Amino acid sequence: SILRGQDGVRRVVYNRRREMIDSTVVRPPVEGRDVTLSLMANVQRTAESILERSLASPPAGGDEPEDASAEASPNSLPRGGTIVAVDIATGDLLAAACAPRFDLNLFNEFDADRWQKLIDDPRRPFFPRVTAMTAPPGSVFKVLTAVAALEEDIIQPESEVHCRGYLSRPDQ
């Protein structure tokens, strides 16, 4: 309702020959509020490209097929992913990409076979990963902290770190 605004109301009076004899604005229309988007097209395209490449190639770390020309098996590929970029100074959303994606033209040019293929895809391309994934907010910081600790040689890749799920007290 905030974005939509409010329709105006006009009272029109006609005579018996359907000729307008009076027109009065009972309630003027009220414009809705504007939306300012902060998405950056180049960041969005880069995020989508990274996800496409990640889903098209096997994960790094020894799971590659022995024959380098062989296709990666569908089981060795990630099922999907999400990249969300936020400006930490303003909180603006710069990019929100998820994969696998599908061609939105499918809604304009319906093709039952393509539709069924997408519905049957075990990677669930219609699942809105950006808005519907359940990931604890602290999970992002765990990854960031782990990468920083690895880069500073504070921990090694094989190091184990116990996470209690809270800082100093469980009720905090």
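**Strand pairing, helix packing and salt bridges in a predicted model**

In strand β4, the residue that serves as bridge partner of V86 is L93. This pairing belongs to a predicted model, in which β3 and β4 run antiparallel and are joined by six bridges. The two strands form a hairpin with six residues between them. Within the turn of that hairpin, G91 has a positive phi of about 85°.

The protein chain as a whole comprises four helices and four strands. Read from the N terminus, the order of these elements is β-β-α-β-β-α-α-α. The chain has 172 residues, of which 10% count as buried. It exposes about 14,500 Å², and carbon and sulfur atoms supply 54% of that area. Among the contacts with a separation of 6 or more, 44% are accounted for by residues 24 or more positions apart.

A second antiparallel pair is formed by strand β1, spanning residues 9-14, and strand β2, spanning residues 20-27, with six bridges between them. Here R10 stands opposite V25 of β2. Five residues lie between the strands of this hairpin, and R18 takes a positive phi near 65°. The β1 and β2 strands are also connected through side chains. A salt bridge is formed by D22 and R11, whose closest N and O atoms are 3.8 Å apart. Because D22 lies in strand β2 and R11 in strand β1, the pair ties together parts that are eleven residues apart in sequence. D22 counts as partly exposed, at 33% relative accessibility. R11 is likewise partly exposed, with a relative accessible area of 47%.

Helix α1 covers residues 41-56 and thus has 16 residues. The distance from its first C-alpha to its last is 22 Å, close to the 22 Å expected at 1.5 Å a residue. Its buried residues are Q44, A47, E48, L51 and L55. These residues lie on the same side of α1, because they cover an arc of only 95° around the axis. On the other side of the helix, R45, R53 and A56 are exposed. The cover over the buried residues of α1 includes strand β3, residues 81-86, and strand β4, residues 93-99.

Charged side chains of α1 also take part in pairing with a later part of the chain. Side chains of opposite charge can pair when their charged atoms come close. The count for the model comes to four salt bridges. One of these joins the side chains of R101 and E48, at 3.0 Å from N to O. This pair links distant parts of the chain, with R101 in the loop between β4 and α2 (residues 112-120) and E48 in helix α1, 53 residues apart. R101 also forms a salt bridge with E52, and in that case the closest N and O atoms are 2.0 Å apart. The second pair again links distant parts of the chain, R101 being in the loop between β4 and α2 and E52 in helix α1, 49 residues apart. Through shared partners, salt bridges join E48, E52 and R101 into one network. The members of this network vary in burial: E48 is among the buried residues of α1, whereas E52 counts as partly exposed at 44% relative accessibility. R101 counts as partly exposed as well, at 41% relative accessibility.

The loop between β4 and α2 also holds P100. The peptide bond that leads from A99 to P100 is cis, with omega near 5°.

Further backbone features occur in later parts of the chain. R124, a residue other than glycine, has a positive phi near 55°. Its place is in the loop between α2 and α3, the latter comprising residues 129-132. R124 is partly exposed, with a relative accessible area of 45%. D153 is not a glycine either, yet it has a positive phi of about 55°. This residue is found in the segment after α4, which spans residues 138-151. At 58% relative accessibility, D153 counts as exposed, the threshold for that class being over 50%.

Methods
Residues are numbered from 1 along each chain as its sequence is written. This is a predicted model: local features need pLDDT of at least 70, side-chain atom pairs count only at pLDDT 80 or more; totals for chains, interfaces and linings use all residues. Side-chain values use heavy atoms; hydrogens and water are left out. Two strands pair if DSSP finds at least two bridges between them. The expected span of a helix is 1.5 Å times one less than its number of residues. Buried means under 20% relative accessible area, exposed over 50%, partly exposed in between (1.4 Å probe, protein chains only). The arc is that of the directions from the helix axis to the C-beta atoms. Contact means heavy atoms within 4.5 Å. Accessible areas come from the Shrake-Rupley method with a 1.4 Å probe; for residues, only the protein chains shown count as cover.
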